[in-house]
Amino acid sequence: MTTSPPAAGAVARNNVELTGVVAARPMVFAHGFGCSHEAWRDVAPHFTGTNQVITFDQVGAGESDLSAYDRGKYDSLHGYADDLIEIIDELGLDDVVYVGHSVSSMIGVLASIRRPELFGALILVGPSPRYVDADGYTGGFTEDDIDALLDSLDSNYLGWSAVMAPAIAGNADRPEVGDRLTASFCSVDPTIASHFARVTFMSDNRADLPKVTTPTLVLQSSDDILAPLPVGTYVHQHIRGSEMVVMTSRGHMPNLSDPDQLVKEIRDFLS
């Protein structure tokens with residue numbers, strides 16, 4: 001069953017969609033860079049028979065209110081965490097199961113630290129607290145790598161998307177997965193995408209992980225160029241009591257490439 005959210009505030013700004021069982025435990029699905037709530041279309045419907053399901057677009061993505069994009073507010077992931085909390089508060093939710101993909105994993109971490117009473121579970125899909133290597137930490141990229149990536153994105157976003165989206169998606173033998181991500185990347189305003197990419201790839205949330213008190217599942221894909229296995233392991237080791245599953249899915253987008261496996265792991269954790 002689909003219900004209509006109140007047309008005001010963050011709910012309207014972030015193009016929130018509500019489906020499922022109104023009185024049931026809420027599940028909030030948050031998309032990663034270059035995507036929209038459509039990234040969950042093969043996953044979220046599996047939970048509408050048992051949960052209230054909430055999807056939304058980060059400001060600047062999908063059908064969000066682009067006029068609300070404030071470079072000052074969104075110059076760190078805390079701005080997006082503010083939006084998440086505002087959405088939950090406006091909808092009057094608690095005991096939320098939060099499913100965050102990629103950068104939205106850390107957005108959920110920040111929100112749960114600030115307002116732990118709102119969250120009952122965190123499910124982090126392909127999380128990375130820091131993309132740049134540091135002493136004693138493997139993020140997967142050198143500073144030069146990230147500088148080159150951002151320079152390429154700034155100079156030719158559509159060209160960058162055409163090259164990077166298939167690499168990020170993985171599954172070269174299934175080009176439709178990369179094509180779907182490329183189309184999503186190309187639908188985002190290049191100026192906003194460039195800013196969000198810089199905020200994402202220059203972020204460092206390692207110190208936040210030990211502050212998490214919400215029960216957490218880390219879901220790690222194999223052969224993920226954005227969040228390789230050492231990164232997922234680091235997240236798991238630094239969130240006390242967390243569980244970690246290394247899935248057989250390949251690439252950074254299991255919600256597109258292996259939705260059934262993702263659904264199974266989420267259900268197993270919540271059961």
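Which residues does H101 touch, not counting residues up to four places away in sequence? In this predicted model, H101 has its place in strand 5, which spans residues 96–101. The residues that H101 touches, with those up to four places away set aside, are A30, H31, G32, W40, V125, H252, M253, P254 and N255. One of these partners, H252, also takes part through its backbone: the side chain of H101 reaches the backbone oxygen of H252 at 2.7 Å. H101 has a relative accessible area of 2%, and it therefore counts as buried.

The stretch around strand 5 offers two further points of interest in the backbone. S102 lies in the loop between strand 5 and helix 3 (103–114). Its phi is near 55°, a positive value in a residue other than glycine. D95 is placed in the loop between helix 2 and strand 5, and phi of D95 is near 50°, again positive in a residue other than glycine. As a reminder for the bench, most residues other than glycine have a negative phi. The surroundings of these residues can be told apart by accessibility: S102 is buried, with a relative accessible area of 6%, whereas D95, at 38% relative accessibility, counts as partly exposed.

Attention now turns to the nonpolar interior. In soluble globular proteins, nonpolar side chains tend to be buried together. Here, the largest nonpolar core holds 69 residues, and F33, L77, L84, Y98, F119 and L181 touch the most other members. Helix 2 (residues 77–91) gives the most to this core, with eight residues. L181 illustrates the packing well: leaving out residues up to four places away in sequence, L181 touches C35, A165, I168, A169, M253 and L256. A second core, separate from the one just described, has 19 residues, and these include W40, V53, V97 and M247.

C35 comes up again in connection with helix 6 (residues 175–186), where S184 is found. The C-alpha atoms of S184 and C35 are separated by 5.5 Å, although the two residues are 149 residues apart along the chain. Besides C35, S184 is in contact with G34 and S36, leaving aside neighbours within four places in sequence. With a relative accessibility of 18%, S184 counts as buried, because the cut-off for that class is under 20%.

Aromatic residues are a recurring theme, and the structure holds eleven aromatic pairs. The rings of Y74 and Y80 have centres 4.7 Å apart and planes at 40°, so this pair is tilted. Both residues are hidden from solvent by the accessibility criterion: Y74 is buried at a relative accessible area of 0%, and Y80 is buried at 1%. The pair of Y131 and F201 has ring centres 5.0 Å apart and planes at 65°, so it is edge-to-face. This pair links distant parts of the chain, with Y131 in the loop between strand 6 (119–125) and helix 4 (143–155), and F201 in helix 7 (residues 190–201), 70 residues apart. Y131 and F201 are both buried. Ring pairs also join F33, Y69, Y74, Y80, Y157, W160 and F196 into a cluster.

Helix 7 is also home to T200, and Y131 appears once more among the neighbours of this residue. Leaving aside neighbours within four places in sequence, T200 is in contact with V103 and Y131. A polar atom of the T200 side chain lies 2.8 Å from the backbone oxygen of F196. T200 counts as buried, at 2% relative accessibility.

Two arginines meet aromatic rings through their charged ends. That of R206 sits over the ring of Y137, 5.1 Å from the ring centre. The charged end of R267 sits over the ring of F47, at 5.3 Å from its centre.

Finally, helix 8 (residues 229–238) shows how burial can be arranged around a helix axis. V231, G232, Y234 and V235 of this helix are buried. They cover an arc of only 155° around the axis, which puts them on the same side of helix 8. An α-helix has 3.6 residues a turn, so residues three or four places apart point the same way. The buried residues of helix 8 pack against strand 6, strand 7 (216–222) and strand 8 (243–250).

How values were computed: Residues are numbered from 1 along each chain as its sequence is written. This is a predicted model: local features need pLDDT of at least 70, side-chain atom pairs count only at pLDDT 80 or more; totals for chains, interfaces and linings use all residues. Side-chain values use heavy atoms; hydrogens and water are left out. Rings of Phe, Tyr and Trp (its six-membered ring) pair if their centres lie within 6.5 Å; planes under 30 degrees apart count as stacked, over 60 as edge-to-face and the rest as tilted. Buried means under 20% relative accessible area, exposed over 50%, partly exposed in between (1.4 Å probe, protein chains only). Helices (H or I, at least four residues) and strands (E, at least two) are DSSP runs, numbered from the N terminus. A charge sits over a ring if NZ of Lys or CZ of Arg is within 6 Å of the ring centre and within 35 degrees of the ring normal. The arc is that of the directions from the helix axis to the C-beta atoms. Contact means heavy atoms within 4.5 Å. A nonpolar core is a set of buried Ala, Val, Leu, Ile, Met, Phe, Trp, Tyr and Cys residues joined through side-chain atoms within 4.5 Å. A polar contact is a pair of N or O atoms within 3.5 Å; within protein, one must be able to donate a hydrogen and the other to accept it, and residues adjacent in sequence count only if both atoms are side-chain atoms.
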